[in-house]
Amino acid sequence: MFDIIIVNGTIIDGTGKPKFDSDIGIKGERIEAISNLKNVEAKRIIDATDLIVSPGFIDTHTHSEGDLLINPDHEYGLRQGITTELLGIDGMSYAPLSQNNYLTYRHWLSGLLGYPPANLDMSSVSSFKQHYHKKVSINTAYLIPNGTVRLEVAGFKDVPLDNTSMGKYKKLVEQGFEQGAVGFSTGSSYYPGPWTSTNELIEICSLVKDLNGVYMSEPRRANPERAFKGGGVAEALEITEKSGVKLHIAHYRTDPTNAGDIESHMKLIDESKRNGSDITLDIYPYPSGSTIPISYVPSWAQDGGPDKLLERLQNPSDKKKIVDELEQSINYSRSVEDMLFSYSPNHPELEGETLPDLARSKNISIGEALCNLLISENLELGYVMPPPVNLSLWRQVSKDCMELLARDDYMVCSDITPAGSMPHPRSYGAFPRILGRLHRKYNTMSLEDLIHRMTERPASRFGLANRGKLHKGYFADITIFDENNVIDTSTYDDPKQYPSGIPYVLVNGDISIDNQVYTGVKSGKAIP
Ligand SMILES: [Zn+2]
């Protein structure tokens, strides 16, 4: 007697091997049989006729940790077929932090992660995991974030890590791995992380290597003066080459400025791999990103943390300096100029409006409009970059994405950033966009190979034991979808739309999405 049998489906098991027709029997949390089970009894039978039965998707890059504590249903992840998410990404999250530091970082991160309850114990990776274990709908795994640990050992300050703080830092990393962290992460511009030098990161990553962890780098943008060759991918490669750590580069895609030029996009990485570096990457299928404007505020104004930053924004001479520097940076990138607000809780009418429009309506400069809004939102502000006006560039970025994914080192991520009424569409559509729309259009690899990049490949890279594969004894994390009709429906102008063509999702043997309906079970475990 099984608890659940999935009958009449076509199985893609996650390993990349050809699909085959079979049934799957589940007992408790685990897969008990993959064979013909037509006449076997079960408490529940799912008919998967004309559907693909695959391992649940593993998302290597999300920013769900805040919203999961407020909204544990997490339908926008689950309905994409995602059953496991990596948290602690881009060098910023909540643990390990003592109570005051948690409150400080919760404030700084609020534009991205919202405001989870204040009274949570985030003092260790273990205590962090307890807030999610069997309390949310998906499995979660955790990377130890650089900015978080820096805050805990050196404060929200632009200071080098001295012997004492580096010693404490390494102790927290060791403890974090003992308590089940699967890696270590840094981010492009999320303070206090960017105050860390390349040499400090090499020292930390040497320890991460000894602990057999993966270093996930979102290539540096801020404080290039303290980075090897000014940061970016060059710094990440230097760190892996000097420390020997396994490197994973976050959402590394082409964009409208280099669309179609995959060869130069990958040149440095391929060179480093030829020289022996162990490198993997991930990607989401959109031509533009989303982040928090606070990360564009100059480094000196961040020193001291969010309260100090607010003080400076309200001091006329400091504010003028910040505005001037922001506007200078506008000359170098579209990032501030084209900002579309995704989340501004005190002014919800601005969500979906652009920064230049706001500035024009107030007859002030873009930098000043942004600073004023940061003040009135108490820093809790998120934005999305619009897609390029040139649609052929957009199509090229999509095609590049599918070509990059065909490589043997890429996997899929969403970069979920859920806050606000106008989040980036990736938060609702990344996986089905690749699985349906782009796979059918560009067909750069078999469906089996594509599923492998969403399942077994990330599971083995990040050491998620007994997941990512349909196999007897493995956890029953299962996504059932319609190969010909699965598709994203979330768009830049109407993002909060669930995908279609994914009628069933199981997490640890419980049916979480049942014939398109969310059942409300919270079976997600904090793993591994
Ligand atoms: Zn991210």
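**Exercise 1. Check the length of helix 10 in this predicted model, then look for what happens along helix 10 and just past its end.**

Start with the rise. Helix 10 covers residues 262-274, which makes 13 residues, and at 1.5 Å a residue the expected span is 18 Å. Now take the end C-alpha atoms: they sit 17 Å apart, so the two values agree. Next, follow the axis, and you'll find a bend of about 40° at Leu-268. Finally, step off the end: Gly-276, just after helix 10, has a positive phi of about 110°.

**Exercise 2. How do helix 14 and helix 15 cross, and which residues meet there?**

Get the geometry sorted. Helix 14 spans residues 355-362 and helix 15 spans residues 366-376; their axes come within 9 Å and cross at roughly 95°. Angles of 65 to 115 degrees count as roughly perpendicular, and therefore that's the label for this pair. Then list the partners. Helix 14 brings Leu-355, Pro-356, Leu-358, Ala-359 and Lys-362, while helix 15 brings Ile-366, Ala-369 and Leu-370. Sort these contact residues by class and you get 7 nonpolar, no polar and 1 charged.

**Exercise 3. Work out where domain 1 and domain 2 lie in the chain and describe the domain 1 side of their contact.**

Bounds come before anything else. The domain assignment builds domain 1 from 57-285, 406-418 and 426-467, and gives 291-384 to domain 2. Over C-alpha atoms, the two domain centres are 25 Å apart. Now count the contact: 16 residues of domain 1 touch 14 residues of domain 2. On the domain 1 side, the elements that give two or more residues are helix 3 (99-108) and helix 4 (110-113). That side has 7 nonpolar, 7 polar and 2 charged residues.

**Exercise 4. Find where the backbone has cis peptide bonds before Pro-96 and Pro-528, and a positive phi at Asn-212.**

Keep the background in mind: most residues other than glycine have a negative phi, and most peptide bonds are trans.

- Take omega from Ala-95 to Pro-96: it's near 5°, a cis bond. Pro-96 is in the loop between strand 7 (82-87) and helix 3.
- Do likewise from Ile-527 to Pro-528: omega is near 0°, so cis again. Pro-528 belongs to the segment after strand 20 (517-518).
- Last, check phi of Asn-212: it's near 65°, positive in a residue that isn't glycine. Asn-212 is found in the loop between helix 8 (198-210) and strand 10 (214-217).

Key: Residues are numbered from 1 along each chain as its sequence is written. This is a predicted model: local features need pLDDT of at least 70, side-chain atom pairs count only at pLDDT 80 or more; totals for chains, interfaces and linings use all residues. Helices (H or I, at least four residues) and strands (E, at least two) are DSSP runs, numbered from the N terminus. The expected span of a helix is 1.5 Å times one less than its number of residues. The bend at a residue is the angle between axes fitted to the seven residues ending there and the seven starting there. Domain bounds come from an automatic or database domain assignment. Two residues are in contact if their C-beta atoms, placed from the backbone, lie within 7 Å. Ala, Val, Leu, Ile, Met, Phe, Trp, Tyr, Cys and Pro count as nonpolar, Asp, Glu, Lys and Arg as charged, and the others, Gly among them, as polar. Axes are lines fitted to C-alpha atoms, for helices over the stretch in contact, and angles run from 0 to 180 degrees between N-to-C directions. Angles under 35 degrees count as roughly parallel, over 145 as roughly antiparallel, 65 to 115 as roughly perpendicular and the rest as oblique.
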